[in-house]
Amino acid sequence: MRTRLYRQGVDFQLGFVTEAAYNAAGGDKKLLRNADQFAFGVTLDMDKLAGLKGGKFQVTITDRNGENLSSVANLGTLMQVQEIYGRGNTFRWTQFWYDQLLFDGVLDIKAGRLGVGEDFMPFSCSFMNLSFCGSLPGNIVSTWYNWPVSQWATRLKVNVTPEWYGQIGFYNINPENIQTSNVFKLNNPKGTIGTLIPVEVGWTPKLFEVRLPGAYRLGYWYDSSNQPNVFLAANGQPRVLNPGVPPLVESSESGWYAMAQQQVTAVHGDASRGLSLFANFVQADRDTATIDQLIIVGLFFAGPFDARPQDDIGFAVGRTHVNNKVAQGQQLQNANGLGPVAVQSNEYPFELYYTFNIGNWLALRPNLQYIVHPGGTSQNSDVVVLGLKAEVKF
């Protein structure tokens with residue numbers, strides 16, 4: 001029945017992701033914890049169903065459960081070691097949008113309830129550490145809402161050539177969308193504080209004789225919401241020395257990002273297998289972001305062994321940087337006898353995984369994480385996490 005419906009334009013999806021993690025080192029106790037997510041979705045091909053060529057409607061509901069090892073074991077990390085955890089153990093509208101291609105695919109208009117990371121700076125979520133997963137600005141910017149949170153938005157994309165595109169989005173910023181009491185409200189609850197406007201230019205070439213795929217993106221975002229300054233109080237003096245004074249309020253914030261991923265080898269001339277390299281960089285607003293910079297580099301290797309051509313390997317290393325102005329405030333606390341507090345700088349995560357792809361429906365991905373200076377300080381013990389990520393797709 002599902003196959004017949006698919007041919008008629010109705011494509012159902014069911015997915016399950018589970019992430020088990022054990023801290024072999026670091027934290028104040030050794031624990032094994034699991035977090036997971038169910039996803040239920042349907043894609044409607046509006047050409048087949050209603051004669052609207054290039055039209056597509058998507059609905060997705062997610063359900064998250066489990067515990068956050070970073071928190072319960074007090075690992076002290078800036079980024080979670082289980083990326084699937086977050087935004088509440090609850091069902092939630094994650095996608096409810098319509099996408100229409102016009103002028104033979106030159107113009108692409110998308111509107112409805114969607115997450116920013118669906119279209120802007122998209123990246124793999126095969127890694128389990130949040131530093132290496134998904135649209136990275138959403139991991140450090142409080143008003144950039146990624147999956148599973150959605151908001152009312154529209155995205156306009158112009159495909160200049162088959163390889164070059166430009167796009168702009170307008171996303172309603174409403175912290176009420178995060179609250180579990182609003183997870184099934186498709187209306188816009190009271191609480192809008194501004195608009196997030198990301199802009200991106202991308203190049204998606206196929207290079208070399210065997211036509212190896214690549215993706216290069218450069219983006220900028222502007223956020224019109226009021227945000228507190230991380231260092232200054234309303235009187236222009238350091239916040240840490242003026243505890244009774246509210247923070248200075250900035251009328252907006254902004255940032256930019258760059259990313260590159262390129263497959264560089266093929267295996268026996270097969271472009272579906274081979275080595276890909278990647279590098280991602282995010283710079284958030286230095287006045288308002290506690291974590292203002294994220295850099296990751298790494299590799300993917302698809303089909304590393306002839307006996308296991310569907311498997312893949314991933315390795316990544318990153319640097320998560322705490323804003324220098326936050327560190328300056330911590331130094332002032334210590335200098336004025338208000339400490340001692342740790343002066344934060346950089347957290348350095350590493351992750352290695354191997355994926356056993358069993359058929360087209362099950363992936364088992366054991367991984368090893370090593371985190372140097374959790375929380376951006378040497379006062380925290382380095383963390384070692386043994387993990388297993390499993391994905392089921394129907």
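Let me begin with a definition: two residues are in contact when they have heavy atoms within 4.5 Å of each other. With that in mind, take the contacts in this chain between residues at least 6 apart in sequence, and you find that 63% of them join residues at least 24 apart. I should say at once that what we are looking at is a predicted model, so please hear everything that follows as a description of that model.

I will start with the chain as a whole. The chain has five helices and 19 strands, and its C-alpha atoms fill a box of roughly 70 × 50 × 40 Å when that box is taken along the principal axes. For 394 residues, a compact globule would be expected to have a radius of gyration near 21 Å, and the 22 Å of this chain agrees with that expectation. Of those 394 residues, 47% are buried. As for the surface, the chain exposes about 18,000 Å², and carbon and sulfur atoms supply 60% of that area. The chain carries 30 positive and 32 negative charges, and the mean positions of these two sets lie 4 Å apart.

Now to the interior. Which residues touch the most other members of the largest nonpolar core? They are Ile 140, Trp 144, Trp 221 and Val 282, in a core that has 34 residues. Two or more residues of this core come from each of strand E7 (164-173), strand E13 (253-263), strand E14 (274-283) and strand E15 (291-302), and the largest share, four residues, is given by E15. There is also a second, separate core, made of 10 residues, and it includes Leu 31, Val 81, Ile 371 and Val 383.

Let me stay with Ile 140 for a moment. If we do not count residues up to four places away in sequence, Ile 140 touches Met 79, Val 282, Ala 284, Ile 291, Asp 292, Gln 293 and Leu 294. Val 282, you may recall, is another of the residues that touch the most other core members.

Strand E14 also holds two polar residues that I would like to point out. The first one to look at is Asn 280, which lies in E14. Is Asn 280 buried or exposed? With a relative accessibility of 3%, Asn 280 counts as buried, because the limit for that word is under 20%. Leaving aside its neighbours within four places in sequence, Asn 280 is in contact with Met 121, Phe 123, Leu 136, Ala 258, Met 259, Ala 260, Leu 294, Ile 295 and Ile 296. The other residue is Ser 276, also in strand E14, and Ser 276 is likewise buried, at a relative accessible area of 11%. Its contacts, with the same kind of close neighbours left aside, are Gln 262, Gln 263, Val 264, Gly 298, Leu 299 and Phe 300.

From the strands I turn to the loops, beginning with the one between helix H4 (137-140) and strand E6 (151-159), where Pro 148 has its place. The peptide bond from Trp 147 to Pro 148 is cis, with omega near 10°. Asn 146 sits in the loop between H4 and E6 as well, and, at 13% relative accessibility, Asn 146 counts as buried. Not counting residues up to four places away in sequence, Asn 146 touches Val 116, Gly 117, Ser 135, Gly 138 and Asn 139. Asn 146 and Leu 114 are 32 residues apart in sequence, while their C-alpha atoms are 8.4 Å apart in space.

A cis peptide bond also joins Gly 339 and Pro 340, with omega about 5°, and Pro 340 is found in the loop between helix H5 (324-335) and strand E17 (346-358).

Why do I single out such bonds, and the phi values that come next? Because most peptide bonds are trans, and most residues other than glycine have a negative phi.

Arg 87, in the loop between helix H3 (69-72) and strand E4 (91-102), has a positive phi, near 70°, and Arg 87 is partly exposed, with a relative accessible area of 33%. Phe 103, in the loop between E4 and strand E5 (107-114), also has a positive phi, near 55°. How does the accessibility of Phe 103 come out, buried or exposed? Phe 103 is exposed, at a relative accessible area of 65%.

How values were computed: Residues are numbered from 1 along each chain as its sequence is written. This is a predicted model: local features need pLDDT of at least 70, side-chain atom pairs count only at pLDDT 80 or more; totals for chains, interfaces and linings use all residues. Side-chain values use heavy atoms; hydrogens and water are left out. A nonpolar core is a set of buried Ala, Val, Leu, Ile, Met, Phe, Trp, Tyr and Cys residues joined through side-chain atoms within 4.5 Å. Buried means under 20% relative accessible area, exposed over 50%, partly exposed in between (1.4 Å probe, protein chains only). The radius of gyration is taken over C-alpha atoms; the globule rule is 2.2 Å times the number of residues to the power 0.38. Accessible areas come from the Shrake-Rupley method with a 1.4 Å probe; for residues, only the protein chains shown count as cover. Lys and Arg count as positive and Asp and Glu as negative; His and the chain ends are not counted. The place of a charge is taken as NZ of Lys, CZ of Arg, CG of Asp or CD of Glu.
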